[in-house]
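The following exercises are to be worked through with the sequence and the structure at hand. Each task is followed by a solution in steps.

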Amino acid sequence: MIMTTREKFSRLDAVVAEIGITQEELQEWFNPSPFPIVYKKGNNFEVLPRFIHERRNEVWGYEIMPNIILAKKCGADGNVEDTNWKEVQRFAEKCTLEGKRGYLPSLKFLRQNWTSELPDRIKAMDKFLYDKGVDAEERYYGRIWCIETDCYNGGFYFPLDKLPGWYSKVSPSKDDRIAVAFKP
């Protein structure tokens, strides 16, 4: 027996009602986020494949590459008091993901693994979180501090909004965006 589309939707509606699936949950299944979402409690991160509305206040950012997570917005927001290199490095080293300690991402790794599609996906993710009511960037930008340092007590950073490269930087700025890496 072949079911009509109307019959299929009728049966699906019955299953959805029986299980108690909300309209928002259904929409999230069919419209997934561009990256896995990173939730934070204390210094512990959890990476999940989808946005959970009830946990929107725990959203810290998202995973842009395997084992590299990016903050949802620029600047200090309770994670660090200041976005200078040493403060961000201390923050990263306090963080854990599945029992692994964090560190700042490697400039070399970012340059080698950066793809032309990542900026568009990051833009889409920023918009996705902002549209979900998460305090996130409305636009794509930021600079990621990297583990490498230069000879002037500053650090190197990787800009999101320019061609992938590296730049030396001594002082923090409003467009610092924290990223944390974890060993695979």
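Accessible areas come from the Shrake-Rupley method with a 1.4 Å probe, and for residues only the protein chains shown count as cover. The model is predicted, so local features need pLDDT of at least 70 and side-chain atom pairs count only at pLDDT 80 or more, while totals for chains, interfaces and linings use all residues. Residues are numbered from 1 along each chain as its sequence is written, and side-chain values use heavy atoms, with hydrogens and water left out.

**Exercise 1. The chain as a whole**

Task: State how much area the chain exposes and what part of its residues counts as buried.

Solution. Step 1: the exposed area is about 10700 Å², of which carbon and sulfur atoms supply 51%. Step 2: buried means under 20% relative accessible area, exposed over 50%, and partly exposed in between (1.4 Å probe, protein chains only). By this rule 45% of the 184 residues are buried. Step 3: the secondary structure consists of 5 helices and 10 strands. Helices (H or I, at least four residues) and strands (E, at least two) are DSSP runs, numbered from the N terminus.

**Exercise 2. A helix and its end**

Task: Compare the reach of helix H1 with its expected span, and describe the residue just after H1.

Solution. Step 1: the expected span is 1.5 Å times one less than the number of residues. Step 2: H1 covers residues 5–19, which is 15 residues, and its reach of 21 Å from first to last C-alpha is close to the 21 Å expected. Step 3: just after H1 comes Gly20, with a positive phi of about 85°.

**Exercise 3. The barrel**

Task: Establish the order of the strands in the closed barrel and examine some of its pairs.

Solution. Step 1: two strands pair if DSSP finds at least two bridges between them. Step 2: the 7 strands of the closed barrel follow the order S1-S2-S5-S6-S10-S4-S3, and the pairing is mixed. Step 3: S1 (residues 37–41) and S2 (residues 44–48) are antiparallel and are joined by 5 bridges; Tyr39 has Glu46 in S2 as its bridge partner. Step 4: S5 and S6 are also antiparallel, with 2 bridges, and Leu97 stands opposite Lys100 in S6. These two strands form a hairpin with 2 residues between them, and Glu98 in the turn has a positive phi of about 50°. Step 5: S6 runs antiparallel to S10, joined by 2 bridges, and Tyr103 faces Ala181 in S10 as its opposite residue.

**Exercise 4. Two buried residues**

Task: Why do Tyr62 and Asp176 count as buried, and which side chains do they contact?

Solution. Step 1: Tyr62 is found in strand S3, and Asp176 lies in the loop between strand S9 (167–169) and S10. Step 2: Tyr62 counts as buried because its relative accessibility is 0%; Asp176 counts as buried because its relative accessibility is 1%. Step 3: a polar contact is a pair of N or O atoms within 3.5 Å; within protein, one must be able to donate a hydrogen and the other to accept it, and residues adjacent in sequence count only if both atoms are side-chain atoms. Step 4: the side chain of Tyr62 has such a contact, of 3.1 Å, with the side chain of Arg177. The side chain of Asp176 has one of 2.7 Å with that of Thr83, and a polar atom of the Asp176 side chain lies 3.0 Å from the backbone nitrogen of Ser173. Step 5: Tyr62 and Asp126 are 64 residues apart in sequence, yet their C-alpha atoms are 9.4 Å apart in space.
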